[in-house]
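Student: I should like a close look at a single part of this structure, set in the context of what surrounds it. Please take one helix as the starting point and work outward from there.

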Amino acid sequence: MATGTLTIDLDAIAANWQALNARTGNATETGAVVKADGYGLGAARVARALARAGARRFFVAVAEEGAVVREALGRGPEIYVFGGHMAGDTDMIGDLDLTPLLNSIDQLTRHFEALPDSPFGIQLDSGMNRLGLEPEEWSIVAGLALGQQPRLLLSHLASADDPDSPQSRDQLQQFHDMTDGLGVPRSLAATGGILLGPDYHFELTRPGIGLYGGAPFADAQAVAALSLPVIQTRVVEPGETVGYNATWMAGSETLVATVAAGYADGLIRAISGKAALYSDGIRCPIIGRVSMDLITVDISALNYIPVTLDILCAEQGVDDLAAAAGTIGYEILTSLGARYTRHSSGGALS
Ligand SMILES: *Cc1c(COP(=O)(O)O)cnc(C)c1O
């Protein structure tokens, strides 16, 4: 077998959900964001593990993702759709009991006409200018929308990962101005918002990245481990080069291993020459360019030929790999490719 093995620790996901849940008071419920196939780790298994941990409200980006999560969880748990009610979604929303977060007057109209008795929430724009009704629009339609009994009023913070950003305070004030006294449950905080403190918690939080072991939840347990099979090793003599465009040249005799994964598997080219692979905790730097299906690694530090090398492990987590690539853990996780063999550990009943 020459594909990598991606191991997903479902007990760590459950522990991360419980740890984030413990950061908020009893009046605040903790939801779970499982969009983008559970941040690349498998929406069905992740959602089941979170439901066992106690989550009852789930969030996805689009109705199609909601269908996968409904299939995994069965009837009962609430599944919110951030993208709202799009043309063509009506059957899926109705049949699968999804709860769209309506973003615009168009979506409100579509939903009330097509599924007048179906649950919905409303997404409000408190300053991010991405999704949701603007304050002026909300002031026009609030009366009508509230008459249809929304389940949730939601908004999203643009800079919650930066505790010093004044934008979060401004958005919090805007959200209060738009929703105070309406008697509808509210949600403002994703992972970063939970960490900003109780002012941001309201009735429901909706962490994503923190569940999967990523920043800004510094206390998260690692969830993803990725190990890659070594296909071949060779000795490279001083003056010889390795890989496309000969970007790396041996200064001394070097033992080089070639492993079976590359940028087509989400190990983006930007980690070339920056990140490392590990064998029993020993660092083996990536040398030369990451190619589509292969990565070359200097394993001279080892006094044995490894069967596999680890690229996500205790020594190098998703945020470390992201930093090496100049990106964020979210992008590393959601880029992990389809070729890996995915295993889950923990999650007794999965
Ligand atoms: C993705 C997303 C979340 C989850 O955010 P994390 O930073 O991963 O916790 C919450 N709310 C909305 C609207 C989102 O798009």
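**Helix H3 and its surroundings**

Tutor: Eight of the 11 residues of helix H3, which spans residues 43-53, are buried, so the helix is largely enclosed by the rest of the structure. The model is a predicted one. The buried positions of H3 are Ala43, Arg45, Val46, Ala47, Ala49, Leu50, Ala51 and Ala53. Just after the helix, glycine 54 adopts a positive phi of about 130°.

The setting of H3 is the largest nonpolar core, which has 76 residues; Leu41, Leu50, Phe58, Tyr212, Leu267 and Leu309 have the most contacts inside it. H3 supplies the largest share of this core, with seven residues. In soluble globular proteins, nonpolar side chains tend to be buried together. A second core, separate from this one, has 21 residues and includes Leu124, Trp138, Ala142 and Ala160.

Leu267 illustrates the contacts of a residue in the largest core. With neighbours within four places in sequence left aside, leucine 267 is in contact with Leu226, Leu228, Ala261, Gly262, Val290, Ile295, Ile311, Leu321 and Tyr340.

One of these partners, Leu321, leads to helix H10 (residues 318-325), whose buried residues are Val318, Leu321, Ala322, Ala324 and Ala325. These residues cover an arc of only 160° around the axis, which puts them on the same side of H10. They pack against strand S18 (308-312) and helix H11 (329-335). Glycine 326 follows H10 and has a positive phi, near 70°.

H10 also takes part in the pockets. In the second largest pocket, of about 150 Å³, H10 gives the most to the lining, with three residues. That lining has 13 residues, and Gly213, Ala222, Gly317, Val318 and Asp319 lie nearest the pocket's centre. Val318 is thus named both here and among the buried residues of H10.

The largest pocket holds about 660 Å³ of space. Its lining has 31 residues, of which Lys35, His156, Leu157, Ala190 and Tyr330 lie nearest the centre. Helix H2 (35-39), helix H9 (191-196), H10 and H11 each supply at least two lining residues, and the largest share, three residues, comes from H9. By class, the lining of the largest pocket divides into 18 nonpolar, eight polar and five charged residues.

His156 appears again in the lining of the largest cavity, together with Gln123, Leu124, Asp125, Ser126, Met128, Arg130, Leu131 and Ser155. About 50 Å³ of space lies in that cavity.

Technical notes. Residues are numbered from 1 along each chain as its sequence is written. This is a predicted model: local features need pLDDT of at least 70, side-chain atom pairs count only at pLDDT 80 or more; totals for chains, interfaces and linings use all residues. Side-chain values use heavy atoms; hydrogens and water are left out. Buried means under 20% relative accessible area, exposed over 50%, partly exposed in between (1.4 Å probe, protein chains only). Helices (H or I, at least four residues) and strands (E, at least two) are DSSP runs, numbered from the N terminus. A nonpolar core is a set of buried Ala, Val, Leu, Ile, Met, Phe, Trp, Tyr and Cys residues joined through side-chain atoms within 4.5 Å. Contact means heavy atoms within 4.5 Å. The arc is that of the directions from the helix axis to the C-beta atoms. On a 1 Å grid over the protein atoms alone, a cavity is a set of points where a 1.4 Å probe fits but cannot get out, and a pocket is an open set with protein on both sides within 12 Å along at least five of seven lines; lining residues have an atom within 4 Å of a point. Grid points are joined across faces, edges and corners, and a volume is the space filled by probe spheres set on the points. Ala, Val, Leu, Ile, Met, Phe, Trp, Tyr, Cys and Pro count as nonpolar, Asp, Glu, Lys and Arg as charged, and the others, Gly among them, as polar.
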